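Colleague: Please take a close look at a single part of this model and walk me through it, pairing by pairing. I would like the cut-offs stated as you go.

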Amino acid sequence: MSFPLWLGLLLALCLLGIGLLLVRAGRGLRQKAGLEAGRTVSLDQVTLTSKRLGLTGRPDRIVRQGDSVIPEEWKSARTLRPWHRAQMGVYFLLIEDRLGRRPSHGFIVLGDGTRCRIENTEALRAQVLGMAEQIRAIRQDLATPARVFPKPAQCRPCGMLPHCGQAARTSKLSR
Ligand code: SF4
């Protein structure tokens, strides 16, 4: 059975129209998700280290948007926590230190897909620099273990648990 030429052309035009609609829809979804026209330059491939700040980190994703570099971190948690913000603050400092560009913001992607935009504010920057300073001070005295106050759920999967004197143990763990 042969196809009439006009029918073939009509089919091709329809497919082209559907393709353009899909491209537009995909662009709309990316914009809604905060990605805009960015290009992924790293998917968990780049470890950033600053000896000057004593910080290191590996963003799950780094997106480039024009002159901007936007870090992204994926979490299984369904709620944004203060330590997620602090981790993003570390990435902001590392990107500024290593790549010479201060990100304006980043994204924490929660376990349910929610994208939380984190602004690179002076307050977050000061908080993370203060924490880094405290860690550097503690590291001066390596013979004295840093005091930590973990929750049992944090210690349970930790490989150091059998040897750690500061582990938080539940009655189930100490059996
Ligand atoms: S077992 Fe020790 S090292 Fe591991 S998370 Fe708990 S406190 Fe930290």
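Modeller: Val-109 has Arg-115 in E7 as its bridge partner, and Phe-107 has Arg-117 in E7 as its partner. Helices and strands here are DSSP runs numbered from the N terminus (helices are H or I with at least four residues, strands are E with at least two). The model is predicted, and local features need pLDDT of at least 70, side-chain atom pairs count only at 80 or more, while totals for chains, interfaces and linings use all residues. Residue numbers start from 1 along each chain as its sequence is written.

Strand E6 (residues 105-109) runs antiparallel to E7, and five bridges join the two; strands count as paired if DSSP finds at least two bridges between them. E6 and E7 make up a hairpin that has five residues between the strands, and Gly-113 in its turn takes a positive phi of about 90 degrees. On confidence, pLDDT (the predictor's confidence in each residue, from 0 to 100) averages 82 over the protein chain, with 75% of the residues at 70 or above. Strand E7 (residues 115-119) has the highest mean among the elements, 96, and helix H1 (residues 5-32) the lowest, 59.

The hairpin belongs to an open sheet of five strands in the order E1-E4-E5-E6-E7, with mixed pairing. E1 (39-43) and E7 are its edge strands, each with a single partner strand, so one side of each has no neighbour in the sheet. Direction ignored, neighbouring strands are turned by 25 degrees against each other on average.

At the E1 edge, four bridges link E1 to strand E4 (residues 61-65) in the antiparallel sense, and the partner of Arg-39 in E4 is Arg-64. E4 is also antiparallel to E5, over five bridges, with Val-63 opposite Ile-70 in E5. These two strands form a hairpin with two residues between them, and Gly-66 in the turn has a positive phi of about 60 degrees.

Next come the helices. H2 lies across strand E5 (68-74), E6 and E7, and runs at about 145 degrees to E5. Axes are lines fitted to C-alpha atoms, for helices over the stretch in contact, and angles run from 0 to 180 degrees between N-to-C directions. Helix H2 (residues 82-99) and helix H3 (residues 122-139) have axes that come within 9 Å and cross at roughly 90 degrees. The two helices are therefore roughly perpendicular, a label for 65 to 115 degrees; under 35 is roughly parallel, over 145 roughly antiparallel and the rest oblique.

In this contact (C-beta atoms, placed from the backbone, within 7 Å), Arg-85, Ala-86, Gly-89, Val-90, Phe-92 and Leu-93 of H2 meet Leu-124, Arg-125, Gln-127, Val-128 and Met-131 of H3. By class, that is seven nonpolar, two polar and two charged residues. Nonpolar covers Ala, Val, Leu, Ile, Met, Phe, Trp, Tyr, Cys and Pro; charged covers Asp, Glu, Lys and Arg; the others, Gly among them, are polar.

How values were computed. Contact = placed C-beta atoms within 7 Å.
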